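Biologist: I've got this chain open in the viewer and would like a close look at one part of it. Could you walk me through the strands and then work outwards from there?

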Amino acid sequence: MARPHVYRTEAIVLRRFDLGEADRILTLATPRYGKLRALAKGVRRPTSRLAGHLEPFVRSALLLAIGRELDLVTQAQTLDAHRRAREDLWWTAHAYCVVEVFDQLTAERQENEPLYDLLAQALQHVEQEADPFVAVRAFEVGALSASGYQPELHRCLGCQETLQPVVNALSPPAGGTLCSRCGARDEASRPLTVNALKVLRLLQRGDYATARRLRLAPPLRREIESATAALIQHVAQRKLQAPGFLAHVRQTEALGASEALLPTSQPGAAHRQPPTAG
Ligand SMILES: [Zn+2]
């Protein structure tokens, strides 16, 4: 029998599900092979050398063997453990939002290295921030551009006029902004305030350093979050699940009852400031 072909890649674990007694099928993001599914045999055994390197959100260096249906993970070494995202529900929920958007905007085996880089960076940003709201929005806006769905944010897609600093409109089916007059005629559009438009433009320019320092009032946060979700859902043609999970975590943490969701003790979790509901 010929030796199977092997290849090395770094990868981020997007999703996984258990197979049989000890195996898992992983959905991986990779820089050069796009999104792919791979089999990790025996990974659920405590003695597995792969265990720990193939948890959700972990960035690992992998060696894969080409299989008949699924490629096989034969070696894995953690590059970026993302412990906070794996161990604390608040960051888990945000990291899950990032990963789901990546998953929804990509097809299998389509190389998109810029999008992969954004994903790796976004997971780092999520972990570094006490409040990862802007980190997630920055990824959503960046990911739309990197996958070819950059929304128009400067002129009206109806009449082509440059937008004025008034309440305009955002229409996901149109692919971006409409002026107030054209927006009134588009049933799929929603009002877009000047401040929300400014933040979206800042994120589209990729200026995360400035964006992360913005103090966003709760109504503005809700408006921006709902706008980016609408744009992504229109492209994906599917409702995102992670924002609902995050909303649940926010609600629970706002009530100061995070322990109710966490059966195991979480050092440090009790001392964290409850996040601002947004
Ligand atoms: Zn117009």
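In which sense do β3 and strand β5 (residues 71-80) pair, and over how many bridges?

Modeller: Keep in mind that this is a predicted model. The pairing of β3 with β5 is parallel, and 2 bridges make it up. One spot to click on is alanine 38, whose bridge partner in β5 is aspartate 71. As a bit of background, strands in a sheet pair through backbone hydrogen bonds, and they can do so parallel or antiparallel.

Now zoom out a little. β3 and β5 sit next to each other in a closed barrel of 5 strands, ordered β1-β2-β3-β5-β4, and the pairing around the barrel is mixed. From one strand to the next, the twist averages 50°.

On to the domains. The domain assignment splits the protein chain into domain 1 (6-81) and domain 2 (85-261), so to speak of β5 at residues 71-80 is to speak of domain 1. The C-alpha centres of the two domains are 28 Å apart, and 15 residues of domain 1 are in contact with 17 residues of domain 2. On the domain 1 side, β1 (6-19), β2 (23-30) and β3 (34-40) are the elements that each give two or more residues. That side divides into 8 nonpolar, 2 polar and 5 charged residues. So β3 turns up both in the barrel and on the side that touches domain 2.

Domain 2 spans 85-261, and strand β6 (residues 168-171) is a good place to look there. Asn168 and Leu170 point one way from β6, Ala169 and Ser171 point the other way, and all of them are buried. β6 runs antiparallel to strand β8 (residues 190-192), joined by 3 bridges, with leucine 170 opposite arginine 190. Strand β7 (residues 176-178) is also antiparallel to β6, again through 3 bridges, and serine 171 has glycine 176 as its bridge partner there. The β6 and β7 hairpin has 4 residues between the strands, and glycine 175 takes a positive phi near 95°.

Finally, a helix pair. Helix α4 (residues 133-146) and helix α6 (residues 194-204) pack at about 65°, their axes 9 Å apart, in a right-handed crossing. Arg137, Ala138, Val141 and Ser145 make the contact from α4, while Leu200, Leu203 and Gln204 make it from α6. By type, that contact holds 4 nonpolar, 2 polar and 1 charged residues.

Conventions. Residues are numbered from 1 along each chain as its sequence is written. This is a predicted model: local features need pLDDT of at least 70, side-chain atom pairs count only at pLDDT 80 or more; totals for chains, interfaces and linings use all residues. Domain bounds come from an automatic or database domain assignment. Two residues are in contact if their C-beta atoms, placed from the backbone, lie within 7 Å. Ala, Val, Leu, Ile, Met, Phe, Trp, Tyr, Cys and Pro count as nonpolar, Asp, Glu, Lys and Arg as charged, and the others, Gly among them, as polar. Axes are lines fitted to C-alpha atoms, for helices over the stretch in contact, and angles run from 0 to 180 degrees between N-to-C directions. A crossing is left-handed if the near helix is turned anticlockwise from the far one by less than a right angle, and right-handed if clockwise. A residue is buried if 20 or more other C-beta atoms lie within 10 Å of its own, exposed if 12 or fewer, and partly exposed in between; C-beta atoms are placed from the backbone. Two strands pair if DSSP finds at least two bridges between them.
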